[in-house]
Amino acid sequence: MKPVVLNASPLIILARAGYLDLLGKLVSPVVIPRAVAMEINAGPTEDPAVRFLAQPSWLSVVDLTPTLSPIAIWRLGQGESEVLKYAHRNPGTIAVLD
């Protein structure tokens, strides 16, 4: 299986559609950068993605070290930039963006 790093929108959409568990069965490992988790957790508490992140699962939240430089996030959001940087630092990882 290929490793995957997700941005917020794909995770939110899969959670709302009830297909998030399918992702955990198709790819492994599945990670989201801390900035993506923060973006999702800023949503309403009743959102399925927020509830999913609040419980233990097959998805891991990762911190990027070293952090991104200000130039790396130019014209992209922090979450998108961290997804791309994580995939770049981990060859073979599939980046899933909206």
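1. A good place to start is helix H3, where Ala35, Val36, Ala37 and Ile40 are the buried residues (buried means under 20% relative accessible area, exposed over 50%, partly exposed in between, with a 1.4 Å probe and protein chains only). Their cover includes E1, H1, E2, helix H4 (48–53), E3 and H5. Helices here are DSSP runs of H or I with at least four residues, strands are runs of E with at least two, and both are numbered from the N terminus.

2. A word on the source: this is a predicted model, in which local features need pLDDT of at least 70 and side-chain atom pairs count only at pLDDT 80 or more, while totals for chains, interfaces and linings use all residues. Residues are numbered from 1 along each chain as its sequence is written, and side-chain values use heavy atoms, with hydrogens and water left out.

3. Now to the sheet: it is open, with four parallel-paired strands in the order E3-E2-E1-E4 (two strands pair if DSSP finds at least two bridges between them). Strand E3 (59–62) and strand E4 (94–96) each have a single partner strand, so each edge strand has one side without a neighbour in the sheet. From one strand to the next, the twist averages 30°.

4. Looking at one pair more closely, strand E2 (residues 30–33) runs parallel to E3 and is joined to it by four bridges. Pro33 has Val62 of E3 as its bridge partner.

5. Helix H3 (residues 34–41) lies across strand E1 (4–6), E2 and E3, at about 80° to E2. Axes are lines fitted to C-alpha atoms, for helices over the stretch in contact, and angles run from 0 to 180 degrees between N-to-C directions.

6. Helix H1 (residues 8–17) packs with H3 at an angle of about 50°, their axes being 9 Å apart. Ala8, Leu11 and Ile12 of H1 make the contact with Val36, Glu39 and Ile40 of H3 (contact means heavy atoms within 4.5 Å).

7. Helix H5 (residues 78–89) deserves a look too: its twelve residues reach 16 Å from first C-alpha to last, close to the 16 Å expected at 1.5 Å a residue (the expected span is 1.5 Å times one less than the number of residues). Gly79, Ser81, Glu82, Val83, Tyr86 and Ala87 are buried in H5, and what covers them includes E1, E2, H3, E3 and E4.

8. Finally, Pro91 sits in the loop between H5 and E4. Pro91 is exposed, with a relative accessible area of 75%.
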